[in-house]
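Grab a pencil and work through a few short exercises on the model shown below. Each one sets a task and then walks through a solution.

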Amino acid sequence: MPEILIRRLERADVPALIEVRLLALQESPDAFGASYEEYAARGPQGNADWAHDRLDTGVWGAFLGDRLVGMVGLKPETSLKSRHHATIWGTYVAPEGRGLGLGRGLMQAAIAHARTLPGVDWVQLGVGAGQTAAHGLYQALGFEAWGRQPAALRVNGRDLDEIFMALKLG
């Protein structure tokens, strides 16, 4: 079994991050508000710009050996009235990395970082109602559901609900 490593991604990781993001959107279209088609249409420079912007707020990667197989992003809110929140986005583990605890490790890394951010008291996220493994992981980490948006996404003609969850830090 290759070595497992979870760490914050850096500029040198941009090509691998783009590859994993595109894989996530293609392999699990029901799990994300973004679409593979939109990201692919951006082209290499557009995706590189997207990745650089996300690295500034924080993206963690899960590696099997030297291959990036998972990711999670954390975006602290910036407005005066909501900067006590940070939002988890883009959680994904490729099929070859599933069942190894990588999703939990990624989430724990993002939550640990959120705890270091001055004034951040809450971490929030949205999860597709059909994403039972992800929903169970978030519950196990202490997130509580607080709402549900019916038909939050429409994927291939199907309406999908989104469950909103939050974790109180401290």
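**Exercise 1: Helix lengths**

Task: Compare the expected and actual spans of helix H3 (residues 102–116).

Solution: Keep in mind that this is a predicted model. Start with the count: H3 has 15 residues, so at 1.5 Å a residue it should span 21 Å. Next, take the end C-alpha atoms, which are 22 Å apart, and that agrees with the expectation. To round off H3, look at its buried residues: among them are Leu102, Gly105, Met107, Ile111 and Ala114.

**Exercise 2: A helix that falls short**

Task: Run the span check on helix H2 (36–57), and find where H2 has a kink.

Solution: Begin with the expectation: a straight helix of 22 residues would span 32 Å at 1.5 Å a residue. The end C-alpha atoms of H2 span only 22 Å. Now walk along H2 and you'll hit a kink of about 115° at Gly43, shortly before the proline Pro44. Gly43 is also one of the buried residues of H2, a list including Tyr39, Asn47, Trp50 and Leu55. What do those buried residues pack against? Their partners are strand E1 (4–8), H1, strand E2 (59–64) and strand E4 (85–93). Step just past the end of H2 and you reach Gly58, with a positive phi of about 125°.

**Exercise 3: Reading the sheet**

Task: Work out the strand order of the sheet, then say which strands stand at its edges.

Solution: Follow the seven strands across and you get E1-E2-E3-E4-E5-E7-E6, an open sheet with mixed pairing. The edge strands are E1 and strand E6 (144–155); each has a single partner strand, so one side of each is left without a neighbour in the sheet. From one strand to the next, the twist averages 20°.

Now zoom in on strand E7 (residues 158–168), which runs antiparallel to E6 and is joined to E6 by eight bridges. Two residue pairs help you trace that match: Val155 stands opposite Arg158, and Arg148 has Ile163 as its bridge partner. E6 and E7 form a hairpin with two residues between them, and Asn156 in the turn has a positive phi of about 50°. E7 also pairs with strand E5 (residues 122–128), again in the antiparallel sense, over seven bridges. There, Leu125 has Met165 as its bridge partner.

**Exercise 4: Two small residues**

Task: Decide whether Ser28 is buried or exposed, and do likewise for Gly90. Then list their contacts beyond the neighbours within four places in sequence.

Solution: Place Ser28 first: it sits in the loop between helix H1 (14–27) and H2. Its relative accessible area is 16%, and the cut-off for buried is under 20%, so Ser28 counts as buried. The Ser28 side chain makes a polar contact with the side chain of Glu27, at 2.8 Å. Away from its sequence neighbours, Ser28 is in contact with Leu23, Tyr92 and Arg98.

Now move to Gly90, which lies in E4. With 13% relative accessibility, Gly90 is buried too. Setting aside its sequence neighbours, Gly90 is in contact with Arg21, Phe32, Met71 and Val72. Check the Arg21 pair for distance: Gly90 and Arg21 are 69 residues apart in sequence, with their C-alpha atoms 8.0 Å apart in space.

Methods:
Residues numbered from 1 in each chain as written. Predicted model: local features only at pLDDT ≥ 70, side-chain atom pairs only at ≥ 80, totals over all residues. Heavy atoms only, no water. Helix = DSSP H or I, 4+ residues; strand = E, 2+ residues; numbered from the N terminus. Buried < 20%, exposed > 50% of the residue type's maximum accessible area, 1.4 Å probe, protein only. Polar contact = N/O pair within 3.5 Å; in protein donor to acceptor, adjacent residues only side chain to side chain. Contact = heavy atoms within 4.5 Å. Expected span 1.5 Å × (residues − 1). Bend = angle between axes of the 7 residues up to and from the residue. Pairing = 2+ DSSP bridges. Axes fitted to C-alpha atoms, helices over the stretch in contact; angles between N-to-C directions.
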